[in-house]
Amino acid sequence: MTAVAGTERWSELFAERTRAEVGGGLFEILALAADTELIPFAGGFPDPQTFPADRTKALLEEMIGAGDLSAFAYSPTRGLPGPLDALASRLETHQGRRPAADELLLTSGGIEALELVAKSFLDRGDDVVVEAPTYLGAIMAFRSYETKLTAVALDDGGLDVDALERALVAGLRPKLLYTIPDHQNPAGVTLSAERRHALVALAQRYGFLVVEDVAYRELGFDGEALPSLWSLAPDVVVQIGTTSKTFFPGVRLGWAAGPAEIVSQLVVAKQNTDQCAGALGQKLLEAYARSGAMDEQLVRSRALYARRCGRMLAALERTMPAGVTWTTPRGGFFTWVTFADEVDAVDLTRRAAAAGVAVVPGSPFFPDGRGGSSLRVCFSKVDDELIDVGIERLAALVAERGT
Ligand SMILES: Cc1ncc(COP(=O)(O)O)c(C=O)c1O
């Protein structure tokens, strides 16, 4: 158990399922990510300069001035009709498929959409496939239902769908497969077009549900995106999304789009989770999206993150000793840096923090303890000049111990 001295009074009573989440020592390491004194390569956060503060102020004044009080009230569990319609229109524009009214649900962030899917589908011992590595929040959400996680490797083309197929042929029968096809967290890679088709074909053949997380989809540096899995195979995919990177995370909004039967079940699950996403945020999102401001901001956000990514990759190229590799993102917030086996990424993370740089070691992103020689390095919320300083310091630490 990981109780802090003097606070262990209740932990013996905590539910069994709360115990084995992220290994004890890693809490301390993940806490370093929150240290605001360090050069911030750790948290996967949007840059505050992308937050529409002025626009939000104006929208609030307009809404209140017009006497619309629905923003202050409870919303229907599925979401308010206007915001749902605005979101459906965005999905139609950006993904070429419009969800029917019963195929879409507004949630309190992407993480809630994930939680609702887990709550609706998973019993203790169920098999779930995730990518190796994958989003830590997803590992925690699936683990909290005491499921069995199988991690399938990914490479520069995203999830290794051939490896998945081999596991299925060998008898693996997951209920769910969770994937982040675009600019993946933490690896920064994107699932190839060919693999997208192959993946949904496997879901159709073997009868599992694909949970497609599109958190970074709209942040491709060139503004282009491959077909979403949900648009390719709406019969076997639930898409979960978030407005945290395209609007602002403080509003806590996301969505789930999928087969009507599943979305109805998610609505039921939401009734006894938080009942509804906040109406105020929903109304703001609707106005922001309909006004075109969301797409205008996206153009600026993509340019900002592309510039920082370019600077980080150049700094890695310039400074890292031979033998170190990293992924080349085409969008999103992250690159994944891998060292020779002798480098212990947890130790490197501690030494980096002592040198004023926050990173996250690879192992929390695997459900099975792998990732010991990798780091997730995030470029989204760090000033351009600090990118060079931070990467130079990291490279010096790596060189100290050999690669
Ligand atoms: C892949 C992925 N999915 C979901 C989320 C959760 O987003 P939200 O802030 O909407 O809960 C994140 C946040 O970092 C993420 O990286």
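Reader: How do you know that the structure holds zero disulfides?

Author: A disulfide is a pair of cysteine sulfur atoms within 2.5 Å. For Cys-309, the nearest cysteine sulfur is that of Cys-378, and it is 10 Å away; therefore Cys-309 is in no disulfide. For Cys-378, the nearest cysteine sulfur is that of Cys-309, again 10 Å away, so Cys-378 is in no disulfide either. This is a predicted model, in which local features need pLDDT of at least 70 and side-chain atom pairs count only at pLDDT 80 or more, while totals for chains, interfaces and linings use all residues. Residues are numbered from 1 along each chain as its sequence is written, and side-chain values use heavy atoms, with hydrogens and water left out.

Reader: Why is Cys-309 called buried?

Author: Buried means under 20% relative accessible area, exposed over 50%, and partly exposed in between (1.4 Å probe, protein chains only). Cys-309 has 2%, so it is buried. Cys-378, at 0%, counts as buried because that value is also under the cut-off.

Reader: What makes Arg-97 partly exposed?

Author: Its relative accessible area is 22%, which lies between the two limits, so Arg-97 is partly exposed. Arg-97 is in the loop between helix 3 (81-95) and strand 2 (104-107); helices (H or I, at least four residues) and strands (E, at least two) are DSSP runs, numbered from the N terminus. Arg-97 and Ser-231 are 134 residues apart in sequence, yet 5.9 Å apart in space, C-alpha to C-alpha.

Reader: Why is Phe-14 called partly exposed?

Author: Phe-14 has 47% relative accessibility, a value between the limits, and therefore counts as partly exposed. Phe-14 is in the segment before helix 1 (24-32). With Trp-10 and Leu-13, Phe-14 forms a nonpolar patch on the surface.

Reader: Which residues come nearest to the ligand?

Author: Of the 14 residues around the ligand, Gly-110, Asp-213, Tyr-216, Thr-242 and Ser-244 come nearest. A residue is near a molecule if one of its heavy atoms lies within 4 Å of it.

Reader: What makes the pair between Thr-242 and the ligand a polar contact?

Author: A polar contact is a pair of N or O atoms within 3.5 Å. An N or O atom in the side chain of Thr-242 is 2.5 Å from an oxygen atom of the ligand, so the pair is a polar contact. The side chains of Tyr-216, at 2.6 Å, and Lys-245, at 2.9 Å, each place an N or O atom by a ligand oxygen atom within that limit.

Methods:
Patch = residues over 30% accessible without salt bridge, like charges linked within 9 Å, V, L, I, M, F, W, Y side chains within 5 Å. Areas by Shrake-Rupley, 256 points an atom, 1.4 Å probe, with all protein chains shown as cover. Salt bridge = Lys/Arg side-chain N within 4 Å of Asp/Glu carboxyl O. Polar contact = N/O pair within 3.5 Å; in protein donor to acceptor, adjacent residues only side chain to side chain.
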